[in-house]
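Please read the following model from its overall make-up down to single residue pairs, keeping the sequence and the three-dimensional view side by side.

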Amino acid sequence: MLMSTKSMGPVLLLLAWGASCSGEDPASDDSTASGASTSDSSVADSSSSSSPSADSTTTQSSGADSTTAGCSVVGEGPQPGQFLAGSLISDITEEPCTLADGTQTMCYRIEIAGEPSNHDVGPYCPRSIDDGPDDVGLWPDSGVLHDVDGAFVTDLATFYNDDTWQLYDPVTGDVNVTDTQEACLAAAMPNAPEEYLNYCVECTIADVGGPVSDAYLIPIEPVASDTPTEIEEIPPGVSLNGVRIEFPANTEIILAAYNIAPLDDCGGHVNNGIGYHYHESTGCVAGVEQCDGHAPLMGYAQDGYAIHEMAAEGGEEPADLDECRGHTDDLRGYHYHAASGGENMFIGCFRGVLVEGVGGGPGGGGPPGGGAPGGG
Ligand SMILES: [Zn+2]
Ligand SMILES: [Zn+2]
């Protein structure tokens, strides 16, 4: 059974989209966003009054009330008040910063909690080949998120056309699951040791000593770059519910050890160095709805541009996205749209200039149990 990108967190999504936008149609087609913006002067007015520059002299506290934030127009650049309550470990502050192109500017320092403020995490691995799709997480392959249920586990040799796959005990039906921090780390490493081949790999937040908070320095006013920056091993950004948005998982390393490292239904899992993080956008963030029916805001990229869901509920992906998965409209300026669940990515590249040094450190965080925290 395959996961649909719209099948997760329906209660949360309904709450978010129904919170404060009465009279508007949140399900209207995403592609009409620009047209709608010019026909609603009240929306346009609120855009100018909440621009990033208007906020730049005050430090806003974290965790704005989602009812008041629900229908606001966000403008270009991060809006501290849009983060969900409980998603940050400290108030967002401002400080001088230098961008990679030498620009001296001001940045927000955003310290995320490192675990989602609005949804539970897991499950990941099945314990038995009798486990159904509700008991397990997801594995991305070829653009599709597969439930890692008993049927998937028992079909792996066929799925990958390799008889070495044997993730379970054929007598008992028990699935091999990493059940210690050490096992989780070892099984996800390149060239995993022999004893950790054919494992379902999972770490829990408790395994890694609790949520891993992380501070991000993000330009208050994004600066467009002449040449986009490749994602490579730079975490794309942060979600409004306090989770690191990670660069694409290196599934080849996992598969090379005949291992599967599932994501939960929200597209996240836990890594030894960086804690819980997202690799897929599956609609769990409960982001900020847009009164013109545009796809909800779900986070911010490290270059300062907003990241929206791929589409509004019932809508389609915008047709005019660039290679970074961004486009521009009158209300929001330049912003990204997350890739669909299964694509193992959020944005395609950074259109804006990053803060100097971001992404310069060692990578990690692709597979669970990987290296140290990356840039940010
Ligand atoms: Zn858009
Ligand atoms: Zn990961």
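In β14, which residue is the bridge partner of Asp-329? The partner is Gly-333, and this pair is a convenient way into a model that, it should be said at the outset, is predicted.

Asp-329 belongs to strand β13, which covers residues 326–329 and is joined to β14 by 4 bridges, the two strands running antiparallel. The connection between β13 and β14 is a hairpin, with 3 residues leading from one strand to the other.

On β14 there is also a pairing with strand β12, residues 306–308, and here the sense is parallel, with 3 bridges between the two strands. His-308 has His-337 of β14 as its bridge partner. As for the setting of β14 itself, which spans residues 333–337, 4 of its 5 residues are buried, and the strand is therefore largely enclosed by the rest of the structure. Burial in this sense requires that 20 or more other C-beta atoms lie within 10 Å of the residue's own.

Following β12 away from β14 leads to strand β11, residues 297–301, which runs antiparallel to β12 and is joined to it by 3 bridges. His-308 appears here again, since the bridge partner of Leu-297 in β12 is His-308.

These strands belong to an open sheet of 8 strands, whose order is β9-β10-β8-β7-β11-β12-β14-β13 and whose pairing is mixed. At its edges stand β9, residues 268–271, and β13, each of which has a single partner strand, so that one side of each is left without a neighbour in the sheet.

A further open sheet is formed by 3 strands in the order β1-β2-β5, with antiparallel pairing. Its edge strands are β1 (93–98) and β5 (214–219), each of which pairs on one side only. Between neighbouring strands of this sheet the average turn is 40 degrees, when direction is ignored. Strand β2, residues 104–112, pairs with β5 in the antiparallel sense over 6 bridges, and within this pairing Tyr-108 has Ile-218 of β5 as its bridge partner.

Stepping back to the whole chain, one finds 9 helices and 15 strands, and of the 376 residues 54% are buried. Among the contacts in the chain with a separation of 6 or more, 71% are accounted for by residues 24 or more positions apart.

Note on methods
Residues are numbered from 1 along each chain as its sequence is written. Chains are lettered from A and ligands numbered from 1 in the order in which they are written. This is a predicted model: local features need pLDDT of at least 70, side-chain atom pairs count only at pLDDT 80 or more; totals for chains, interfaces and linings use all residues. A residue is buried if 20 or more other C-beta atoms lie within 10 Å of its own, exposed if 12 or fewer, and partly exposed in between; C-beta atoms are placed from the backbone. Two strands pair if DSSP finds at least two bridges between them. Axes are lines fitted to C-alpha atoms, for helices over the stretch in contact, and angles run from 0 to 180 degrees between N-to-C directions. Two residues are in contact if their C-beta atoms, placed from the backbone, lie within 7 Å.
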